[in-house]
Amino acid sequence: MAELAVSAALVLLEIAKPLLSKVILQVDLREIQSMESWLRYMKAFMEDHPDLKKSRRLEDQVYKVRDIAYDIEDVLEEFMLHSPPYLFHNHGISRTVHNILHQAYHGFPLNAISEKISRIKRSIDDVGSQHRFFANGSSGAGPSSNSRNRGPHPPASPLLLDDEMVGYENEKRIFARQLVDGEKRLLTLAVVGPGGSGKTAFVKNVFWKRGIRGRFDCHAWVQVSQNFQKEEVFVNMLRQLCGSRKEPYPIDDGTNTEAKLRKYLTGKRFIVVLDDIWRKEVWDVMKYVLPNSFCGSRIIVTTRSSDVASMCATSSPLVHELKELEWLQGWTLFCRKAFPERNGECPSELKDCSKRIVTRCEGLPLAIVTVGGALSQIPRLPNEWESFLNSIRCETRDGSSLSVISNALLPGYMDLSSNLKCCFLYFSVFPEDYSVERGRLIRLWVAEQFAVRTDSKTAEEVAEGYLKELIQRNLVHVSNRDFDGKPRNCRVLNPVLNFIIHKCKDENFASIFPRESTSRNQKIRRLSVHDNCTHLPRDIGFSGVRSMFLLRLLEISTPNFEKVLRELKLVRVLDFQGAPIQEFPKDITRLTLLKHLNFRGTKINTIPSSIEKLSYLETLDLKQTDVTELPKEISHLHNLRHLFAYKYSVDDYVAFDSVQGVKMPHGIGNLTNLQNLSLIKVGKKVRILEELKSLTKLRKLGLTGLRRGHGKELFTSIEHMPELRTLDLCSNTKEEFLELGEMRSRPPLSLERLYLKGRVKQFPSWISSLHNLLRIGLKWSKMQHSPLRDLRELKNLVELQLVDCYIGGELIFEASSFKKLKVLLIEDFAELHTIVVQNGAMPVVKQISLRRCPRVMIFPLGMENLAKVEELTLYDMAQGFTARLRKNGADRAMVTHVPVIHSFTLRNRSWSFENLSESFLR
């Protein structure tokens, strides 16, 4: 309950140390060191004693430790708030003058901070000495042998009987066939899924069939779990193997259990289930005792980790991922559990409520079975069931009828490090069914200091690693992926969200309104306002809030909102994405410690010059706002890493002027920490292009309004950006040429995404050397020669967007080109009449979109050989072209293998839709 607060205080202490050494406080620095020592002790103690909450005698002390840690965090941030910002005054005279004025204004608060530190020291003494706290703790909850790797072992989940299993039918057939397929090698199969997905039940319903076990000489099922004890597992396995053959346990001959196991299994055809493996290191131990005698033996592993599953399985086809059940499958399972006396038939008066309950379970078998079982004991009255639905959020806590869901998720949570726990709990600030963009989430975690820079990685890269691990552990759900396979948006499933919210209350991690019932004395750390909450309670203090979110609000009380902003003092994050805000709130610019400011999708249209006061600001997100120009003071934000300021306005199709950038004053070269900068309107300001060479950390650069004569300065600057991953260039007008031939010495070889919008005389040769390029968009280029011959050199290209980039009549995808291409867009080719796909071209392409090519009358030649195509979409293609793809049309045979074929036609500013899919036309 206090672990996360203690960890946060330690991180902040590391950041504040350099400032502490420069400012003289009226307190002995040894007291600061003593606080640090106490925090480190408490962190280690709580990691070694994860069950402290189970001891009522210690629970109150743990809450006190948490509050002290928060007090330490508060006082450190108050110190940073009132300390001289050394970083921003490099000139000696200006620094001296500033410090004199700063001391006059901030001297009293700094003295008050000294008094607060002394009070914290007394609070630590009141809790008790380290020795006394440890003595009390160790008597109430024994230390674990492996810190975070040990958590409370949950009671067994309800096992589905074979006739209750719903879904995974095809997966079960494949799984059973792989167990008895006659392959003589030792094979390892892995079943992976989140807690509650039914991994153990899935395996048991195959393993315990006599027709499966009877094919093997001996068998064993061992529970590995988090608390892996090698000798205990080996002994248990050997006892089961012997017992399955009605043989006695081997006599003690002086050899260890590992040797006995290998000896016993040699020459036998065995099947062993290793249930619930958590780490790769455990598999490294287990695999050496299971010999490969080429007798057709099988090992089955269940795990929550995709990484572990991939490592254990002999090959990728032997990895079976249990995803969420389809809605109809979930409904069938629910009805079987909730209405056993009616043979699984739901009464009509309960159907509406029951469907909403099943939807909330989001296909998680354990949640469906548990909820259905609980409802089977509740009177069949609509009011009773509505009441149950409304209480699901709080019914996952200990002792409730649904606590088994929490028990299934708890081990995965306990296995996380402090930083990963914070990242996982952070999903609580978002509403149900809310998918958050990957980049936004990562920037938030960095601003919250969950992810900090290391010697070899930026803070953002560390945060990317955290997200990847949470996904691999099956705790976070990927809503959709980008073209390169990376998560684009992610969320947690509703049953997981309920668990997280319950944990947040224990840790005082976040407060959600209108859901939250918060006491007057509670210190709110993160405030998230959702949906229909227009007013916040007046008797609650917000001075300690570190993060504030406004999500899915249709309206907002301006006086109430302004009151909360005036109370904020130590806030790091203000995320108002999509909120009904019309103007930039003036109180924000006094929030000195602010790191993350997100106005994306709001109606603000100006940024005040006073924004220069936000000297710690790292992210400024103005995407999809009405801001068209940034003040010159923006160049004073030396810590700024991410600046997004552009707006898309799309009616029917993306046009040349669909995206608008912002005007940027001189001084951009001062922002040397920038990683993302998009979109800046260059216009006639060549000096901006020259200043870009100072931005050596840029990973994304977007420029619009490029003119003739800009090429040399632009590419000279780009050559100084070794980390550049995304480059987006747009000319000033649709008819103006982009100067792209100046990149001669050092092209940006790290580029993964390249977008060129505007006329191009000829394809730049340097682009063919970008072997890391994954996506390229050529739009309105109007080249005389087809770019495909040059583009084929891009061996790793995954997505190709061609929009009015060529004025010829033929596009030929040559044999064996574009080996990795998955997405192809061809749009707005006025003269194009023939598309040819030669043998072996685009062998793995999955999505093809043809748009507004009026002279293309026959289906692309050779496209019938593209066996991997999953989706073909057509927009405003010629009527004759579409007619040939309809049932019995001349080209219908060329697309029968494509599962989804959709055609859209724009008439009178409205779209008409035609489904040409084979399944629909049957």
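**Burial, salt bridges and cavities in a predicted model**

Me: How does Arg-725 count by relative accessible area?
Reply: This is a predicted model. The relative accessible area of Arg-725 is 23%. Buried would need a value under 20%, and exposed a value over 50%. So Arg-725 counts as partly exposed.

Me: Which residue forms a salt bridge with Arg-725?
Reply: The closest N and O atoms of the pair are 3.6 Å apart. A salt bridge needs such atoms within 4 Å, so the pair qualifies. The partner is partly exposed too, at 31% relative accessibility. The residue is Glu-723.

Me: Which residues are linked with Glu-723 and Arg-725 in a network of salt bridges?
Reply: The structure holds 64 salt bridges. Some of them link up into a network that includes Glu-723 and Arg-725. The other members are Glu-461, Asp-482, Asp-484, Arg-488, Arg-699, Glu-752, Arg-753, Arg-775 and Glu-799.

Me: How far apart in sequence are the parts that Glu-448 and Arg-526 tie together?
Reply: Glu-448 and Arg-526 form a salt bridge, with their closest N and O atoms 3.4 Å apart. Glu-448 sits in the loop between α19 (438-447) and α20 (459-472), while Arg-526 belongs to strand β10 (residues 526-530). The pair therefore joins parts separated in sequence by 78 residues.

Me: Is Glu-448 buried or exposed?
Reply: The cut-off for burial is under 20% relative accessible area. Its partner Arg-526 passes at 7%. Glu-448 has 2% relative accessibility, so it is buried.

Me: Which residue forms a salt bridge with Arg-473?
Reply: The closest N and O atoms of this pair lie 3.1 Å apart. Arg-473 is buried, at 15% relative accessible area. The partner is partly exposed, at 28%. That partner is Glu-469.

Me: What is the volume of the largest cavity?
Reply: Rolling a probe the size of a water molecule over the atoms shows where empty space is left. Here the count comes to 7 cavities of 30 Å³ or more. The largest cavity has a volume of about 170 Å³.

Me: Which residues lie nearest the centre of the largest cavity?
Reply: The lining of the largest cavity holds 18 residues. One of those nearest the centre, Arg-526, also bridges to Glu-448. The full set nearest the centre is Leu-4, Ala-8, Cys-422, Phe-450 and Arg-526.

Me: Which element gives the largest share of the lining of the largest cavity?
Reply: The largest cavity is lined by 18 residues. Elements giving two or more of them are α1 (3-20), α3 (56-82) and α18 (418-425). The largest share is 6 residues, and it comes from α1.

Me: Where is Glu-362, a residue with a positive phi of about 55 degrees?
Reply: Glu-362 has this positive phi although it is not a glycine. It is buried, at 17% relative accessible area. Its place is the loop between α14 and α15 (365-375).

Me: What is the relative accessible area of Lys-246?
Reply: Lys-246 also has a positive phi, about 60 degrees, and is not a glycine. It sits in the loop between α9 (230-244) and α10 (257-265). Exposed means over 50%, and Lys-246 is exposed because its relative accessible area is 75%.

Me: Which residues does Lys-351 touch, not counting those up to four places away in sequence?
Reply: Lys-351 is in helix α14 (residues 351-361). It is partly exposed, at 37% relative accessible area. Its C-alpha atom is 9.3 Å from that of Pro-382, 31 residues apart along the chain. The residues touched are Trp-331 and Cys-346.

Me: What is the omega of the peptide bond from Ser-678 to Leu-679?
Reply: Leu-679 is in strand β19 (residues 676-681). The bond leading to it from Ser-678 is cis. Its omega is near -10 degrees.

Me: Which residues make the nonpolar surface patch of about 240 Å²?
Reply: Patch members need over 30% relative accessible area. Val-654 meets this at 41%, so it can take part. Val-654 lies in the loop between β16 (647-648) and β17 (659-660). The patch is made by Tyr-648, Val-650 and Val-654.

Me: What percentage of the 922 residues in the protein chain is buried?
Reply: The chain comes to 27 helices and 31 strands. It exposes about 40,200 Å², with carbon and sulfur atoms supplying 49%. The buried share of its residues is 55%.

Notes
Residues are numbered from 1 along each chain as its sequence is written. This is a predicted model: local features need pLDDT of at least 70, side-chain atom pairs count only at pLDDT 80 or more; totals for chains, interfaces and linings use all residues. Side-chain values use heavy atoms; hydrogens and water are left out. Patches are made of residues with over 30% relative accessible area and no salt bridge: like charges are joined within 9 Å, nonpolar side chains (Val, Leu, Ile, Met, Phe, Trp, Tyr) within 5 Å. Accessible areas come from the Shrake-Rupley method with a 1.4 Å probe; for residues, only the protein chains shown count as cover. A salt bridge is a side-chain nitrogen of Lys or Arg within 4 Å of a carboxyl oxygen of Asp or Glu. Helices (H or I, at least four residues) and strands (E, at least two) are DSSP runs, numbered from the N terminus. Buried means under 20% relative accessible area, exposed over 50%, partly exposed in between (1.4 Å probe, protein chains only). Contact means heavy atoms within 4.5 Å. On a 1 Å grid over the protein atoms alone, a cavity is a set of points where a 1.4 Å probe fits but cannot get out, and a pocket is an open set with protein on both sides within 12 Å along at least five of seven lines; lining residues have an atom within 4 Å of a point. Grid points are joined across faces, edges and corners, and a volume is the space filled by probe spheres set on the points.
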